[in-house]
Amino acid sequence: MATVELDGVSKAYDGHPAVTRFSLSIASGESLALLGPSGCGKTTTLNIIAGFVEPDAGSVRIGARSMAGVPPYRRDTGMVFQSYALFPHLDVFGNLAFGLIMRGMPRLEIAERVRQVVDLVHLTGLERRYPRELSGGQQQRVALARALVIRPTVLLLDEPLSNLDAKLRQEMRVEIAELQRRLAMTMIFVTHDQEEALVIADRVAVMNRGRIEQIDRPEIVYRRPATPFVARFIGDANFWTGHVVVTHGGQASIETADGHRVVALDDRGSEAGAPVMAMVRPEKIHVGAGPTGLENVFTATVKGVSFLGAVTRLDVVIGEQPFAIAVHDASSVNSLVAGQSIRVGWRAVDCLLLEP
Amino acid sequence: MSGARPWAPWMLLAVPVAVFVALFLLPLLNLFALSFVKFDRATGSLGGLTIENYRKFLGDGFYLGILARTLRLAALTTLTTLALGYPVALHLTRCRGRQRAYLTMLVLAPLLVSVVVRSFGWLVILGPNGLVNWVIVRLGLVTDPLRLLYTETAIVVGLAHVFLSFMVLSIATALDRIDSIMVRAAQSLGAPPRQVFFRVILPLSLPGVVAGSLIVFTLGTSAFITPALLGGPRVKVMSYLAYQQTLLLSDWPYGGAIAFILLAVTAASVITYLRALESGRFKVIFR
């Protein structure tokens, strides 16, 4: 059953559309990431669900109830803000109890509920501290706990981890994902960090210019991006533009603009002559002898080698077309120098056709 | 700057410090010393050290009554400006651009008029044939004009009129500093507008309320012209009493004692007030 439903929601600021005919349905207990570059409308979408922003058109339903004209304080949403927005005049207990007091809960019950959530997010012993006396990570936990303790129908998070340092961010990612699964919490969170989205979310909605480009499970969004934008935004991608020459048995043969032939997976039923973009991920390109049976093999010229730790990035050109290649075994490419010719190749199933 | 010429900041401060010392601190110390000098009313001569001036004030119900009235009027003025000023400040911070500039000018308008002119204005309005009495008599609320002038009410009205500016600007500054995300956070936790105000906005604006109260209270205890004109000799306050003793009766020692008692009591009130806040429920926002 859908817990949150957006239907044809549009919002413009001073004539500039922020969200355009946006529809979305989130199941109970599901965690959804709204992922996109800044200005793509993801925060506006979250604010529309929370009730801070009134949409120009379309409808929002939370728990099957229409939210038209319902103010934020009657929506039963919990929100974690990017800046945490903790109340500076209240201690941790006061911050956590705020939402429960608003719900008219008896004192004893409030104390019990706060104690539980303090345990849940590992804040024990900090109840009497004030926000300014807490570290960034602790403040983040308080913000999360404050939204969790009211047990909202849907938990909304706006870039919740963007103010933490890299290491803490990775820890909190895993922790939030675990909490969400344990509590079976319906959750929508906004992020521009693809890794964050992939780790936490059951489904990822990739947004661009106020629209959803693709919404699906993280691995599908990565493996089968629907548009060049998605392919570029999630992970790295190499593109080769051209047109379809012939299709046969789920594969298509493409002639690129600079006259090369590429064989690619064609699961969308392309027609001959259609303009397309062939996309291949950097880690799917083999260098040197490689495995046999690669449908696409080219001679490339090395431009540069950069050691990045776990992977080594190899930049080459095939004709004029630049390609990035991710190599896991640095020793195989360390000896390469710029200008050298090498053999590169990839399988047809690793090469997707996208509409330009 | 401080490494090469450590005395440079002091040089820059020297002139204002000299002016302050010469024109304020020295006369004050002189007056303080004078307040312990014996004054002979019959001959008008000074001589001998005494604490009689202080004993005379603190042992006489009449004088203590004037002190109590002074504090009461300052407190009432503070409460009046707070009650009237808070909504104005709240509205001011919600205005933007030109509207806000005009409203700020309106708030500051009383300060543009000389205190004497302003007080005479109130004399006209509050007088037996003034606007207020004219209206309430015509409306039939009273049969005879009320005595509004030369009352404590008149003084509070006159003081509140001008001190309102300080209260509004203090509170508006504090309100401006509150992050608007706080409102959203409270709303997302289920707080309707009333609760947002009383549980978030009001506590977070307390530093402004405190600053405004301190300014209005201290200005209120030491105000002279407004109480003198609107209260007259019948409703005396400390500043008027000190003026009367020094300039009308030439009893400088007693006038000095009155001035220092007012100073000490005002300072003690302010310190007590701040102590109470520092140990109160929202102590954290004053740190």
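Which residues of helix α11 (residues 238-248) of chain B are buried? In this predicted model, the list runs to B:M238, B:S239, B:Y240, B:L241, B:A242 and B:Q245. As for what they sit against, the buried residues of α11(B) pack against α3 (61-94), α9, α10 (225-231) and α12 (252-278), which also belong to chain B. Just past the helix comes B:S250, and here the backbone does something worth a look: phi is positive, near 60 degrees.

Chain B also meets chain A. The contact draws 20 residues from chain A and 17 from chain B. On the chain B side, the elements that put in two or more residues are α8 (181-188) and α9 (193-222). Of the elements there, α8(B) gives the most, with six residues. Sorted by class, this side of chain B comes out as twelve nonpolar residues, four polar ones and one charged one. Helix α9 of chain B thus turns up twice: it is among the elements that the buried residues of α11(B) pack against, and it also gives two or more residues to the side touching chain A.

Now for chain A itself. Its secondary structure consists of eight helices and 20 strands. Along the principal axes, the C-alpha atoms fill a box of roughly 75 × 45 × 35 Å. The chain has 356 residues, and 40% of them count as buried. On the contact side, taking pairs in chain A with a separation of 6 or more, 64% of the contacts link residues that are 24 or more positions apart.

Notes
Residues are numbered from 1 along each chain as its sequence is written. Chains are lettered from A and ligands numbered from 1 in the order in which they are written. This is a predicted model: local features need pLDDT of at least 70, side-chain atom pairs count only at pLDDT 80 or more; totals for chains, interfaces and linings use all residues. Helices (H or I, at least four residues) and strands (E, at least two) are DSSP runs, numbered from the N terminus. A residue is buried if 20 or more other C-beta atoms lie within 10 Å of its own, exposed if 12 or fewer, and partly exposed in between; C-beta atoms are placed from the backbone. Two residues are in contact if their C-beta atoms, placed from the backbone, lie within 7 Å. Ala, Val, Leu, Ile, Met, Phe, Trp, Tyr, Cys and Pro count as nonpolar, Asp, Glu, Lys and Arg as charged, and the others, Gly among them, as polar.
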